[in-house]
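Biologist: Could you take one small part of this model, go over it slowly, and then work outward from there to the rest of the chain? I'd like one connected story rather than a list.

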Amino acid sequence: LQQGNSYCWVHNCDFFYGDAGSDADQVKGDGALDTKKSHNVTHSYNHFFDNGKCNLQGANSSDTSNYITYHHSWYDHSDSRHPRVRVATVHVYNNYYDGNAKYGIGSTTGSSIFAENNYFRNCKEPMLISAQGSEGGLVLSGETGGMIKAYGNIIEGAEKFVPYSENNTDFDAYVVSSRDESVPSSVKSKSGGNTYNNFDTASDFYSYSVDAAEDVPSIVMSKAGRVDGGDFKWEFDNAVDDTSYAVNDALKAALIAYDDSILAIGSGFKEDVSNPPQVTTASSSNTTEKTTTKTTT
């Protein structure tokens, strides 16, 4: 969603490798599902298979796109940008981060991110703010920092995560004790002095239902992506793929050889030719009208 898209919903899609780009970090393709200069967009129940770059939100510091939601998506051994956010106001909840070799959520250039009830399993660096904490100025291109409010997340097997309570300068997120807690204006990013806008505690914030973080893996694995998991199945080897961000040659070969077996769009449908359409033609001096009727069960 590159330019000026508003009120969009992208859901229940599978994302695989794209064509390799010219840069070294584009061997798996570039952004799988990026949103730039767009407003009021929801991405939900999507399945990302080992993508190098999943979700970039915002093109640059002048891109004032706002109010983007990511929920119930399965970041299945994908590497980074889950999402990476510039400027925007973003809600990230109930996603499953499953063996991510680089990082989970990245906040830059004054963005405000509420990370709520996500499950991180062996995600190297679950949350990063540019130029501070675990990021160390090495990952997010030296951009100024944003702010992440975190609540209710489960982090298992991370290499590093630094909450504000442990270091009030070099931290990865401001962890709150309740979802309605505001982030004080005194909490600022080390680079740029940016603060959190507390969009999630405003009176006009949308209503939503959030699942317990411990239930996220089972819910997301059963419901994210195409119906019934689609017609392309792949199982990663956690012992290898949790830490590898190289192209998975076996997966790529399987994708190249893939020939879809889709018969219909939807679930549980089967073509029924037992009751063909009946066509009635009604003519007058000026018009001919055709009416088609068909009984379905």
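Modeller: Let's start where K149 stands opposite Y174 in β17. This is a predicted model, so take everything below as computed from it. The pair belongs to the contact between β15 and strand β17 (residues 174-175), which run parallel and are joined by 2 bridges. Strand β15 covers residues 147-151, and 4 of those 5 residues are buried.

β15 has another partner, strand β12 (residues 112-116), and here the parallel pairing takes 5 bridges. If you want a register mark for that pairing, use S112, which sits opposite M147 in β15. So β15 pairs in the parallel sense with β12 and with β17. For strands in general, a sheet is held through backbone hydrogen bonds, in a parallel or an antiparallel arrangement.

Now step one residue back from K149 to I148. Leaving aside anything up to four places away in sequence, I148 touches I105, S107, I113, A115, M127, L128, I129, D172, A173 and Y174. Notice Y174 in that list: the same tyrosine stands opposite K149. I113 and A115 are in there too, and both positions fall within β12 (residues 112-116).

Those contacts lead straight into the largest nonpolar core, which has 34 residues. I148 is among the members that touch the most other members, together with V90, V92, Y97, I105, I113 and M127. The elements giving two or more residues to this core are β6, β9 (89-93), β12, β14 (125-129) and β15. As a general point, nonpolar side chains in soluble globular proteins tend to be buried together.

One of those core residues, Y97, takes us to another sheet. Y97 in β10 stands opposite Y75, and the strands involved, β7 and β10 (residues 96-98), are parallel with 3 bridges between them. Both belong to an open sheet of 6 strands, again with parallel pairing, in the order β2-β4-β7-β10-β13-β16. Its edges are β2 and β16 (154-156), each of which pairs on one side only.

β6, another contributor to the core, opens the way toward the N terminus. β6 pairs with β3 in the parallel sense over 4 bridges, and H43 marks the register by standing opposite Y70 in β6. β3 in turn is joined to strand β1 (residues 6-11) by 5 bridges, also parallel. There C8 stands opposite V41 in β3.

C8 is worth a short stop. At 24% relative accessible area, C8 is partly exposed, because that is above the 20% limit for buried. C123, by contrast, is buried, because its value is 0%. The structure holds 0 disulfides.

Two serines in loops fill in the surroundings. S73 lies in the loop between β6 (68-71) and β7 (74-76). Its relative accessible area is 2%, so it counts as buried. The C-alpha atoms of S73 and N12 are 8.5 Å apart, although their positions lie 61 residues apart in sequence terms. Beyond its sequence neighbors up to four places away, S73 touches H43, S44, Y45, N46, F48, N94, N95, Y96 and V220. H43 in that list is the residue facing Y70.

The other serine, S38, sits in the loop between β2 (14-15) and β3 (39-44). S38 is buried as well, because its relative accessible area is 0%. A polar atom of its side chain lies 3.2 Å from the backbone nitrogen of N5, and the side chain also reaches the backbone oxygen of K36 at 2.9 Å. Setting aside residues up to four places away, S38 touches L1, Q3, G4, N5, S65, N66 and I68.

Finally, the whole chain. It has 3 helices and 19 strands, and 45% of its 297 residues are buried. Among contacts between residues at least 6 apart in sequence, 62% join residues at least 24 apart. The chain exposes about 14,800 Å², with carbon and sulfur atoms supplying 48% of that.

Conventions:
Residues numbered from 1 in each chain as written. Predicted model: local features only at pLDDT ≥ 70, side-chain atom pairs only at ≥ 80, totals over all residues. Heavy atoms only, no water. Buried < 20%, exposed > 50% of the residue type's maximum accessible area, 1.4 Å probe, protein only. Polar contact = N/O pair within 3.5 Å; in protein donor to acceptor, adjacent residues only side chain to side chain. Contact = heavy atoms within 4.5 Å. Disulfide = S-S within 2.5 Å. Pairing = 2+ DSSP bridges. Core = buried A, V, L, I, M, F, W, Y, C linked by side-chain atoms within 4.5 Å. Areas by Shrake-Rupley, 256 points an atom, 1.4 Å probe, with all protein chains shown as cover.
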